[in-house]
Amino acid sequence: MARIERTILGIDPGLANTGWGVVAQHGAQLACVAYGCISTPAGVPLEQRLKKIHEQIGAVIARFEPICVGIETVWFGVNAQSAFATGQARGAALVACAEHDLSVGEFSPSQIKLAVVGEGGAEKDQVQYMVGKLLALEVVPSPDHAADALAAAICYTTHEGLAAAMAAGSQPAQQGACASAQQGGSL
């Protein structure tokens with residue numbers, strides 16, 4: 001089997017804060033390249049906030065040249081207005097990804113938590129801690145939006161085989177489960 005060498009972008013979309021993280025994959029090894037958070041103040045017109053997210057995600061893509069992206073899907077909880085705003089921010093980020101022809105993997109918050117922590121209902125601090133451990137970081141990534149984006153990139157490495165098999169119409173051996181957080185590694 002060929003050794004996988006690639007750069008993966010992770011995105012945790014949000015209108016107020018969109019986290020991004022770039023992970024390099026060298027075979028089974030994952031390494032953090034960079035991460036950050038795009039913040040847009042509430043007093044700025046919506047279209048300007050979305051423009052900023054689109055432009056800054058585009059700049060991250062241009063600088064780090066990922067070939068694929070893992071992005072969190074919108075979670076529809078009790079606050080529909082918040083979910084709608086997150087969906088708009090997600091759309092702005094996805095347009096930037098499409099402009100650069102990135103392969104996109106979309107994952108629910110529970111899929112991302114399962115891939116990184118081993119538990120779909122993990123708390124934010126657990127995700128931050130495990131992202132730091134899996135990427136051998138000296139400090140826990142902060143803010144949590146950036147840690148969640150790094151987690152989405154990690155999730156891409158564990159779920160893409162399942163997604164490809166499902167898209168091809170075949171039945172993978174373990175539906176809905178990750179083999180491990182780092183292909184061949186363990187949490």
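**Entry 1: helices H3 and H4.** I looked up the packing of helix H3 (residues 109-117) against helix H4 (residues 124-134) in this predicted model. I found that the two axes come within 9 Å and cross at roughly 45°. I therefore recorded H3 as oblique to H4, since the angle lies neither under 35 degrees nor within 65 to 115. I also noted the hand of the crossing of H3 and H4, which is left-handed.

**Entry 2: residues of the contact.** I next asked which residues make the contact between H3 and H4. On the H3 side I listed Lys 113, Val 116 and Val 117. On the H4 side I listed Gln 126, Val 127, Met 130, Val 131 and Leu 134. By class, I entered six of the contact residues as nonpolar, one as polar and one as charged.

**Entry 3: the largest pocket.** I then turned to the largest pocket, for which I noted a volume of about 600 Å³. I counted 25 residues in the lining of this pocket. Closest to the centre of the pocket I recorded Asp 12, Pro 13, Glu 72, Thr 86 and Lys 124.

**Entry 4: composition of the lining.** Which helices each supply at least two residues of the lining of the largest pocket? I found H3 and H4 among them, together with helix H2 (80-99) and helix H5 (144-167). I assigned the largest share of the lining, four residues, to H2. For the lining of the largest pocket I entered eleven residues as nonpolar, eight as polar and six as charged.

Definitions and conventions: Residues are numbered from 1 along each chain as its sequence is written. This is a predicted model: local features need pLDDT of at least 70, side-chain atom pairs count only at pLDDT 80 or more; totals for chains, interfaces and linings use all residues. Side-chain values use heavy atoms; hydrogens and water are left out. Axes are lines fitted to C-alpha atoms, for helices over the stretch in contact, and angles run from 0 to 180 degrees between N-to-C directions. Angles under 35 degrees count as roughly parallel, over 145 as roughly antiparallel, 65 to 115 as roughly perpendicular and the rest as oblique. A crossing is left-handed if the near helix is turned anticlockwise from the far one by less than a right angle, and right-handed if clockwise. Contact means heavy atoms within 4.5 Å. Ala, Val, Leu, Ile, Met, Phe, Trp, Tyr, Cys and Pro count as nonpolar, Asp, Glu, Lys and Arg as charged, and the others, Gly among them, as polar. On a 1 Å grid over the protein atoms alone, a cavity is a set of points where a 1.4 Å probe fits but cannot get out, and a pocket is an open set with protein on both sides within 12 Å along at least five of seven lines; lining residues have an atom within 4 Å of a point. Grid points are joined across faces, edges and corners, and a volume is the space filled by probe spheres set on the points.
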